[in-house]
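Student: I've got a structure to go through today, and I'd like to take it step by step. Can we start as soon as it's on the screen?

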Amino acid sequence: MKEKKIILITTGLTRVVEPLIHDKEIDVVAIVDCSIEVKSRVYRILLLIKNLLLGRNNRLKTICNDFSIDYLVLDKNSQSHMSEKLAQYESDLICVYSMPFLLSERFLSVSQFGIINLHPSKLPQYRGPNPFFQLYLNNDHSCWVTVHFIDKGEDTGDIIYQEGFVVTRGATSDEVNDIAIGRLGSSLLIKAIRNIEKCPRIKQSPSELTTRAPRINRLEHKKFVRWDDWGVERVWHFLRGTHTWLDAIEQPTGFYKYQRWTIGDYVISSRDFSNFAPGVVFQYGKKYYLKCSDGYINLDLKFSLKQLLIGFFSQ
């Protein structure tokens, strides 16, 4: 069987990269990295310092070099030049997963069979850049992935394949990603690539009202948890899924400033620590806790060199 010649557009070393590279029926001729777009100058400098201290380099670029794959960098302002460059590869297909911006129409005709995208939701539900956040916010335990064609809209193209699974209570975003993208999503993407000539195309209704999954403004982080309405189990599940990147609770201060809480187990109790208001992080003895409306959550401190560097140099 002839190998499909594809170009992958992604953001850093995502969970789809290695499955595509190692598939015997797929020839990845170029990988386009958009990670520079989602990092501020300060963040990129700090990341460089961290990598130098830990002896690390750009892992995606290293993998591309190891497998003789062209490594390219794309930002929102270089789309015109990049579309012309990618057309020179005469690829069968462009595959996209995890992009910080919409591709311009120039890319739609670059490859023979167009562009397909892996999106972590059951489209048309949760269109937009942050479906996993909406999953946790809405207390939704049914996680889906969709492979679809890209058109002019935001996640509005024809659906190819969809598959879902049940999210375990308290599962972290990494654990959900491992299943949704590393296992199901990668498999569906490979299946779509192999069958692109005759794959199904199910049109999405343009009039269907859905919940959009927008990018979250960092200044709005603390407004999401409804402390008086949510029980401790729901708060715990939400924090377990978002605590590494969302400041939904006050983070450590003083000597531990720039570090982050890790979310331990929870206790349902209407009596313990009743003098604290829901949403308050407090210390009792040598341990830290988060008060909820009907109980509390155990907190631990986790040292992070990245957080320390980002916090210190961005003052």
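Student: Okay, here's my opener: is Phe-273 buried or exposed?

Tutor: Keep in mind that this is a predicted model. The relative accessibility of Phe-273 is 16%. The cut-off for buried is under 20%, so Phe-273 counts as buried.

Student: What kind of pair do the rings of Phe-273 and Phe-282 form?

Tutor: A pair of aromatic rings is described by the distance of the centres and the angle of the planes. Here the centres of Phe-273 and Phe-282 are 4.9 Å apart, with the planes at 65°. Planes over 60 degrees apart count as edge-to-face, so the pair of Phe-273 and Phe-282 is edge-to-face.

Student: And which residues are linked by ring pairs into a cluster?

Tutor: You've already met Phe-273 and Phe-282, and both belong to it. Phe-282 is buried, by the way, with a relative accessible area of 5%. The cluster joins Phe-273, Phe-276, Phe-282, Tyr-284, Tyr-289 and Tyr-296.

Student: Let's look at the strands. What is the order of the strands in the open sheet of 4 strands?

Tutor: Start from the edges: β8 (260–268) and β9 (281–284) each pair on one side only. Next to β8 comes β11 (residues 295–302), and these two pair in the antiparallel sense over 7 bridges. Put together, the order is β8-β11-β10-β9.

Student: Which residue in β11 does Tyr-266 stand opposite?

Tutor: Look along the antiparallel pairing of β8 and β11. Opposite Tyr-266, in β11, you'll find Ile-297.

Student: Which helix packs on the sheet?

Tutor: Look for one that touches β8, β10 (287–292) and β11. Its direction makes about 155° with that of β8. That's the helix at residues 232–242, α7.

Student: How many residues apart in sequence are the parts tied together by Trp-261 and Tyr-288?

Tutor: These two form a tilted aromatic pair, 4.9 Å centre to centre with 50° between the planes. Trp-261 is buried at 5% relative accessible area, while Tyr-288 is partly exposed at 21%. Trp-261 lies in β8 and Tyr-288 in β10, so the pair ties together parts whose separation in sequence is 27 residues.

Student: Last one: which residue lies over the face of Trp-144?

Tutor: There's a lysine over a ring elsewhere too: Lys-191 lies over the face of Tyr-161, at 4.4 Å from the ring centre. Over Trp-144, at 4.2 Å from the ring centre, lies Lys-122.

Key
Residues are numbered from 1 along each chain as its sequence is written. This is a predicted model: local features need pLDDT of at least 70, side-chain atom pairs count only at pLDDT 80 or more; totals for chains, interfaces and linings use all residues. Side-chain values use heavy atoms; hydrogens and water are left out. Two strands pair if DSSP finds at least two bridges between them. Contact means heavy atoms within 4.5 Å. Axes are lines fitted to C-alpha atoms, for helices over the stretch in contact, and angles run from 0 to 180 degrees between N-to-C directions. Rings of Phe, Tyr and Trp (its six-membered ring) pair if their centres lie within 6.5 Å; planes under 30 degrees apart count as stacked, over 60 as edge-to-face and the rest as tilted. Buried means under 20% relative accessible area, exposed over 50%, partly exposed in between (1.4 Å probe, protein chains only). A charge sits over a ring if NZ of Lys or CZ of Arg is within 6 Å of the ring centre and within 35 degrees of the ring normal.
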